[in-house]
Each structure stands twice: as structure tokens, then as C-alpha cells.
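Open your viewer and keep the sequence panel within reach. This tour goes from one selection to the next and tells you what to look for at each stop.

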Amino acid sequence: MTAIERIREQFHSGALQYKKANEIARLLGVSSKSEREGVAALLRALEEQGEIVCDERGRFVSPEKLGLIRGVLQRSGRGFAFLLRPEADDLFIPARALRGALHGDEVFAKPVGGARGDEAAVYSVIRRGVRRLTGVYERGKRGGFVYPDDERLCDAVRIAGGKVRAASGEKVCVRIVAYPEGREPEGEIERVIGRNGELPTEEDAIVCAHDLPEEFPPKVLAAAALAAKQPISADGRRDFRGDLVITIDGEDSRDFDDAISVEKRGGQFLLRVHIADVSHYVVRGGALDKEALRRGTSVYFPDRVLPMLPPALSDDACSLREGQDRYTLSCVMRIGPDGDVRGAELCRGIIRSRNRMTYTQVTQVLNGQEDVCARYAHLLPMLGDARELAYILIERRARRGGPDLDLREAQIGIRNGKVEVQARERTISHRMIEAFMICANEAVAAFLRERCGLCLYRVHDKPSEERADAFRAYVRGMGLRGDFEPSDVRPRDYAAILREVEGDGKADVVRKVMLRSMAKARYSAENIGHFGLASECYCHFTSPIRRYPDLLVHRLIKQVLDREPVSRGLRDFVGVAAEDCSVTERRAEEAERDVDELYKVWYMRDHLGERRRGTVSGVTSFGIFVELDNTVEGLIRAEDLPPDEYRFDEARMVLAGRSHAYRLGDPVDILVASCDIGARRCRFLPAH
């Protein structure tokens, strides 16, 4: 038993509870100075892991003994914060009770009751959530300060030395070096990003704030260039080059992970999903692999991509380009007329994509547009079979209770130097590829579960009882049935509610509230199923160029195909990778969302004063959020609404007065009042 395990065991037994460091050292039989310092270091390690805390009298004790609750702080721009807990309701923490804790910090808090019984006070900080931030530098009489772009983080950071100098008004990236009690955090300027308020500067600031890797190290670029030079050979691979294989992606796509072919044979379908064999080029433990794991995923912005792999691989050697031989890991599935997979086979393959198709082109073919049909006449039978199979798979998912959770997304582009924003059209071609990829992902997850008992699953837990109950109260307030049991909500319960509002203008709003009630999907070495897809067993297999979990799943498949035993080291690595990839995925999603909001606000600057029609997408005590047809969202503050005595009904999500009421999904006419580039926010006014 190691020293830390011994200390941990004695805390569990109670022998070391409420003891100071010197008492713990004495009870452990430690006397020399170096040994006492070692004990102190182990206690700090347990404290940093959140297993013990140090109370006001300097004694160490388990958090549960003090009734402490662990969570992550979400601070508002107005000083107060909420303690977020995955499986329970949030707790309110007033500004006076933060004790120096900042937005994003993992903390222990102690419930203190309060007027509504949901108030808490920070007891101690376990782990700091923000180590780097961006903001505007200002030089004043008391020295230099950086005022963060994200007003939730803190009011200001005092600049304490450092080699990089900035001029007042410049946007900078700051590394926090100290958290003095009762004062502003202290930091050093790492780099000057540019002039505040310019679009490239603001986008670069988001990249910096989320600590996204940009340039690849020379060693990684060299490894990618060497790997990309490998000659292509069909040896040891199933040759699919004689099949009619195509890729279907967006117009602007550069890396092509997946290709498909579909044949209808009697009453059954043969679906082949061919995925780029990235693991052939990226060796486990090498420089490429370590960098890919560090990045976790590619990050997509309107004007560029921060790829997980260097372009020599992501855009070239691994990408399933039209007319070129490429290595794949292929999933060949026999699917019955009911959508059930009757058999699935996985193999190393080699393909040659016949055509690089876009979603738009495929939709035009399926809609019978004559000129496009003539151009792709050789694909008409296969695309017809593919559409038929897609509808069968979509119907199968609906039968097993999978809710349709697709929300409107923005399509943001740059044309002739100007930003364009509109709602992304979701067509049968999008739904078709999605259905085929889900089918392959489920088949692969089942294959690994049965053949080796190890997989990096994509899991989605069911909603917590508290959140499911709040959602039920909301839908019942809308007059919907909502007759499910919150303690055991099932996917088909949520699907039934969506069927009630199908075709209604409020369907998207109900979906949004439904999604807020759910847990976040994540990666895990343990299979708990996927609630949102109503799937018992699911993983990510289809995008190894841009997602590390898919690359890891490919390696597991190859171990099974090669009849190699799964080592203990690999099993441990899957668990670690699941945590790391979940973190990098969230980081990428947040950065992509922030950049999208930046571009939306930048676009709306050219539409100030315009009258638009929107839908109430959020209701709070301080106002309502309105989403326009192009997905841009803005706030109408309560004081700008028609004069009334407004009260906020949180359960029904209604802001109502004597003469006016605003509910989620209500149509409303607005005027575009202002656009704050730094805060990435639009402000609207009611159009009377």
C-alpha cells in the first residue's frame, strides 16, 4: 500500500478526521522534517483531488463530514453565481459568498438556506477553471489592468510584470499567475492580439481564450509528411474499387472521412460505409498521435479550420478524394426491410470514390432536377435505393422511441468580403447520411462489445429526475400531456411530446427546452446507452480525420481483426481518453459557438434599425430573448417592454404583466437596436 493510499484509508476509517498536518504526521509515525514535508505534500494532493478539505481551524476532514457540495461555478456578469451540479438543481451563490472563487472554478460549497432554500456559500476552491483569458488592456494610475471579454470571469486582472508590453485599448491574451485573497487576480500578458473591435482580432481572441492549438509543431508536420508519402497497395485489403462508391459532404468540405455505396438485393439492402483508415498513418504513441489526442477534435469556424491532423493527412493522404485510391476501414451491413441489421462485417478496405457529391447535388437528384439528373445518370439507381433505405432507418429509429432533436442551425459564410448568415437547410440528403452513419456506429459498438468487451462508447444519460420534472411542468403549462414519470423518463416519452407539437411553430422551442433538460453526451469506457438516439450501444467510428475517439475505435477494431489480445494498458488508456476527449470536445463546441455568435453580431451591424419578425426563444426575469429567422438571437430588456407590472413564472417560462405576456414560441416584431461586438450580443426593441 502506497503512502497516499494509507492516508486515504485512515480518513475513510475516521482515524485522521479533524486532525492538523502535524497531528497526522505524528499518528502516521513520521518524525523527520523531510517525512513531515512529504505528508504535507500528500495532504495537498488529496485536497487538490477534492477528497479532503482544510477547515477554518486548519484541520483536515472529508467534505461529507461538513455537508459540503461539489460543483462548478457559473458566474453572472452581475457578480452573483450558480453552483452547477450534473445530477441536481443549481444552487444560488451571492457575490458576498464567493470568497474569491471565479467563473469556471470547481469548488466545495455549503448550503445556507436563503429565502428560497437554494442558497449556498463557497467553502473552498478545488481547482481553478480559468488560467488564461483575453480582454482589453488599459493603463491607469494604479498600473495596468485587463478587463476580460467575458464579463463573467472577473472584473479585472492586474498586470504584474511580464516581458510583453501593450498599449491602452489593445486586445491581449493574459495568463493568470496568482489569485490573491480579497484582490483582483494577477496576470502576465502573453501576446498582443490586435486592435479591439476588429473581426480578425475578436476571432483570434476567442481562439486564445479557449486555449486552442493553432500551429503544429515541426516534429508533427514532419511525421505527417513522411506518413503521407507511403505508397498505396491493395495487399491485405478487400478491394472495393470496382464498386460504385461516392462521398456526400458540404460544398466547402476539404476532408472526406466517409464514403458510401448502397445496393438493393431482393427485399434487403447492402449498405457499405467506408471510413478513412487514419490509424494506418497515425501510429499509437507517436508524435502525430500525441498531438491528435491533445487537440481531440478539429474546430470549425466560418473562415477556417483548426484541424486535428496536419493538412498532409487531413486534406490529402487520408481524405477519400474522388478518383484516387484510398485506404478505409469498411463496415458492410445487410439490412432488412424493417431496418434491422441482419449482419455486419468489418474489414480493412481500399476504395476509389467515383464522385465527390455535395448535399445540394444529391438533393437536386432526388428531387428530379433534370440537368443534375442527366449529369449523374449513373448514380440514379443507387441514390434511389439510398433514399428508400434512409427512410426505413429513420422510421426504425422513430419506432424505438428516438426523439427528433434537430434544431435549426446557422449557415455562416463570407462572400465578397461580407459576412452572410442564414438558417441552414436540412434536406433528405443530410438525413440520409446521418441515418447511415448512425447505423454504422451502432454496428461497430455492438461488434466491439461482443468481440472484445472494450469500446470507447458515445453515451448519453437520461435526464435527472429534477430536470425531467421541470420539463414536465413546462410542457403541461403549455397544455401538452407530459404524462411521463420524471424518475424513469424514456426516449419515447420525449418523442411523444414532440409528436404533439409537430408542425407547430413552437416545436423548435419545445426542442430547446427539452435539450436543456438533458445530460450532455460524452465518451465513456462503460456503456450506459444513448438516450437521445434511443440506442442501447453506440460509439463514434465515422470521422477519424476530425475526432480522436473515432481513431481510437479504429485501433480497437483492428486488434479484433488481427486476433490480438487487448492489453491492460490499452484498457486503462480508453478510460483516460474518454475523459480527455469529452473535455476537448466541450472546448471546441464552446469556441465554435462563440465564433458563430461573433459573426452573427458582426452581420447584424449592417441591419441596425431594421424591423424583423422573430420568436421568443428565452424568458428571464430581466427580459426576453428573440430569435430571428436567420437564427440570430437578441435580448429585449424588461424595461424596454411595454410598461406593465411584469412577473417571471420560472416553471411556465412566462414573463407576464396585467396586459402583456411573453411565452416561449410567441411571435414578436422587433427593431435591431444595437450590436456589441466585444460581448457578442445583439439588443432588440419591441416594434410597436
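**Stop 1: helix α4**

Start by selecting residues 199-209, helix α4: 8 of its 11 residues are buried, so the helix is largely enclosed by the rest of the structure. Buried here means under 20% relative accessible area, exposed means over 50%, and partly exposed is in between (1.4 Å probe, protein chains only). Helices (H or I, at least four residues) and strands (E, at least two) are DSSP runs, numbered from the N terminus.

Show side chains for Leu199, Thr201, Glu202, Glu203, Ala205, Ile206, Val207 and Cys208, the buried residues of α4. What do the buried residues of α4 pack against? Colour β8 (132-140), β11 (170-178), β12 (186-195), β18 (305-306), β23 (418-423) and α16 (568-604) to see these partners.

Before going on, a word on what you are viewing. This is a predicted model, in which local features need pLDDT of at least 70 and side-chain atom pairs count only at pLDDT 80 or more, while totals for chains, interfaces and linings use all residues. Residues are numbered from 1 along each chain as its sequence is written, and side-chain values use heavy atoms, with hydrogens and water left out.

**Stop 2: two residues with positive phi**

Step just past α4 to Asp211, which takes a positive phi of about 55° although it is not a glycine. You will find Asp211 in the loop between α4 and α5 (218-228), and at 42% relative accessibility it counts as partly exposed.

Now select Arg563, another non-glycine residue with a positive phi of about 55°. Arg563 sits in the loop between α15 and α16, and it is exposed, with a relative accessible area of 76%.

**Stop 3: the aromatic pairs**

Show the rings of Phe, Tyr and Trp next. A search of the whole structure finds 10 aromatic pairs. Rings (for Trp, the six-membered one) pair if their centres lie within 6.5 Å; planes under 30 degrees apart count as stacked, over 60 as edge-to-face and the rest as tilted.

Begin with Phe82 and Phe92, an edge-to-face pair with 5.8 Å centre to centre and 65° between the planes. Phe82 belongs to strand β4 (residues 81-85) and Phe92 to strand β5 (residues 88-93), 10 residues apart. Both rings' residues can be checked for cover: Phe82 is partly exposed at 31% relative accessible area, and Phe92 is partly exposed at 25%.

Then move to Phe484 and Tyr494, which are edge-to-face at 5.7 Å centre to centre, with 70° between the planes. Phe484 lies in the loop between α12 (465-477) and α13 (491-500) and Tyr494 in helix α13, so this pair ties together parts that are 10 residues apart in sequence. Phe484 and Tyr494 are buried.

Add Phe471, Tyr474 and Phe531 to the selection: ring pairs link them with Phe484 and Tyr494 into a cluster.

**Stop 4: Val510**

From the cluster, go to Val510 in helix α14 (residues 507-517). Is Val510 buried or exposed? Val510 is buried, with a relative accessible area of 0%. Not counting residues up to four places away in sequence, Val510 touches Phe471, Tyr474, Met478, Ile497, Leu498 and Val501; a contact means heavy atoms within 4.5 Å. Draw a distance from Val510 to Phe471: the C-alpha atoms are 9.4 Å apart, for residues 39 apart in sequence.

**Stop 5: Ser535**

Next, select Ser535 in the loop between β25 (522-524) and α15 (548-561). Ser535 counts as buried at 7% relative accessibility. Leaving aside residues up to four places away in sequence, it touches Arg400, Glu442, Gly529 and His530.

**Stop 6: Val125**

Now find Val125 in strand β7 (residues 119-127), where it counts as partly exposed at 32% relative accessibility. Apart from residues up to four places away in sequence, Val125 touches Ala101, Asp105, Glu106 and Val107. A line from Val125 to Ala227 covers 45 Å, C-alpha to C-alpha, for 102 residues of sequence separation.

**Last stop: the whole protein**

Zoom out and show everything. The protein has 16 helices and 33 strands, and its C-alpha trace spans about 75 × 75 × 55 Å along the principal axes. Of the 688 residues, 50% are buried. Among contacts with a separation of 6 or more, 65% come from residues 24 or more positions apart.
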